[in-house]
Every structure is written in structure tokens, then in C-alpha cells.
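Colleague: Could you take me through the salt bridges in this model, one pair at a time? I would also like to hear about the nonpolar surface patch.

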Amino acid sequence: MEHPLNRLDFIKELSAAKRAGGAEVIGPWGSAKALTALQAAAAAGASLIYVTAGRTEAEAAFEDLCTFGEPDRCTMLPAWEVLPTDIMKPADDVVAERMNALKRMGAAIERNEPVYAAMPVRAFLQRVIHRAKLLGDTITLRTGAEYDLEDITARLVKMGYQRELMVEQRGSLSVRGGIFDVFPISSELPYRIEFFGDEIESIR
């Protein structure tokens, strides 16, 4: 997919300067910053980490990247809104946003494709889960395929999911016969998965 705007005149010179040992761009402001960074990364065939001062700026940069580039390759990694020493747990939506961003970046690396990520400087400085660990703890379910429901449940509980009578919040699951309800921590909504024996009949 082509970028919707023509390449900026100085991108070719910027790419040449970068190959020669380094480059610095002074002057772009507003959305032109994201456009310049995106086109420079695209010209180099590389991924992009766009670091901003805070979350508001990161959200604006993410919107610009989606506008000027390919939305499917763009993501935003928010910072934890609590410190490691705080008693309060991180908000569920922040956990979901971070997991989705890390999954998207990890999947792009696996496919050897560029990804364009906007993030506040705090997120850039904070530790993240190791990519191999994240991919190893990812469970993919498909209709028509067969799975051991007890094994899936045990894996999720080991990862920290709570078994409940009803699924109402992220990180919870419920099993009633062949009906498996789960609310993934990276999802906006819970899922109901219906089994017939070991085969998944529906996911909704």
C-alpha cells in the first residue's frame, strides 16, 4: 500500500546522511514531525519508535502515523500510570493497550515487517515482557479446531486469570459444561466459546 502523500523532498538526502553515519532534522513541527519520521523509516525499510513527552502527544503522533501511513502497521504503547512502589494496580485499559501494542510489534518482527510505534518517553524507559515469553503465553483459538478445554483453563489460571462464576472483568474466565467464557486482558469485550466435545463450534 502506497503512502497517501508524496515523499518529502529532503527524505532522500536524509537517508543518504543517515547511511553516512548520522542525521538530524530541525524544523518540522506539528504533524510534519510524524510525517518526516514515518517517511524516513519507510525509505530505510525500518521500523519506527516515535518518542514523545507525554501520553497526549503520543496519542496525537499515533493519529498522525495512522493518517500518513498504514494504520495496520501503527500502534501506541502507553506508559504505566503507576509506579512499581505504588499499591494501586494499573488500570485495565492501560494493561490492554500495552499488551496489544507489544503483540503487534512482536508479530511484525516475526513477519519481518516494519511497525511504527508512538510512545511517551516514560513508556520508552519502562521494562516490557520479553517477546519470546509474550508469544509463548499467547493462546490462539479457532472454530472447527480441537482443543483440550481443561488444558486451556489450566494455562490461563497459571498466567494469572481468575476463575469466576460470571465473567465481568479482564483476566477472568468461566467454564460451564461446553461453554467457555473468557475476558482476555488485551480485549475490549469478553468472548463466549462453545465446544462440542473437543471441537470449537462458535466464538462470539
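**Salt bridges and a nonpolar patch**

Modeller: Happy to! A search of the whole structure, which is a predicted model, finds 10 salt bridges. Let me pick out some of them, beginning with Arg55 and Glu97. Their side chains meet in a salt bridge, with 2.8 Å from N to O. This pair links distant parts of the chain: Arg55 belongs to helix H3 (residues 55-68) and Glu97 to helix H4 (residues 92-110), and the two are 42 residues apart. Arg55 is partly exposed, at a relative accessible area of 27%. Glu97 also has 27% relative accessibility and counts as partly exposed, because that value lies between the 20% and 50% cut-offs. There is a third partner to keep in view here, as Arg55, Glu59 and Glu97 are linked in a network of salt bridges.

As a reminder of the background, side chains of opposite charge can pair when their charged atoms come close.

Next comes the pair of Asp137 and Lys133. These two form a salt bridge in which the closest N and O atoms are 3.2 Å apart. Asp137 counts as partly exposed at 27% relative accessibility, and Lys133 is partly exposed too, with a relative accessible area of 48%.

Now to the loops, where Glu188 and Arg170 bring their side chains together in a salt bridge, at 3.8 Å from N to O. Glu188 sits in the loop between strand E6 (179-183) and strand E7 (191-196), while Arg170 sits in the loop between strand E4 (162-163) and strand E5 (172-176), so the pair ties together parts that are 18 residues apart in sequence. If you look at the accessibility of each partner, Glu188 is exposed, with a relative accessible area of 64%, whereas Arg170 counts as buried at 18%. The label for Arg170 is "buried" because its 18% falls under the 20% cut-off.

Finally, let's turn from charged side chains to the nonpolar patch. Ile49, Val51, Val121, Phe124 and Leu125 make a nonpolar surface patch of about 460 Å². Strand E1 (48-52) and helix H5 (121-125) are the elements that give two or more residues to this patch. Helix H5 supplies the largest share, 3 residues. For a closer look at one member, take Val51, which is found in strand E1. Val51 is partly exposed, with a relative accessible area of 37%, so it passes the over 30% cut-off for residues that make up a patch.

How values were computed
Residues are numbered from 1 along each chain as its sequence is written. This is a predicted model: local features need pLDDT of at least 70, side-chain atom pairs count only at pLDDT 80 or more; totals for chains, interfaces and linings use all residues. Side-chain values use heavy atoms; hydrogens and water are left out. Patches are made of residues with over 30% relative accessible area and no salt bridge: like charges are joined within 9 Å, nonpolar side chains (Val, Leu, Ile, Met, Phe, Trp, Tyr) within 5 Å. Accessible areas come from the Shrake-Rupley method with a 1.4 Å probe; for residues, only the protein chains shown count as cover. A salt bridge is a side-chain nitrogen of Lys or Arg within 4 Å of a carboxyl oxygen of Asp or Glu. Helices (H or I, at least four residues) and strands (E, at least two) are DSSP runs, numbered from the N terminus. Buried means under 20% relative accessible area, exposed over 50%, partly exposed in between (1.4 Å probe, protein chains only).
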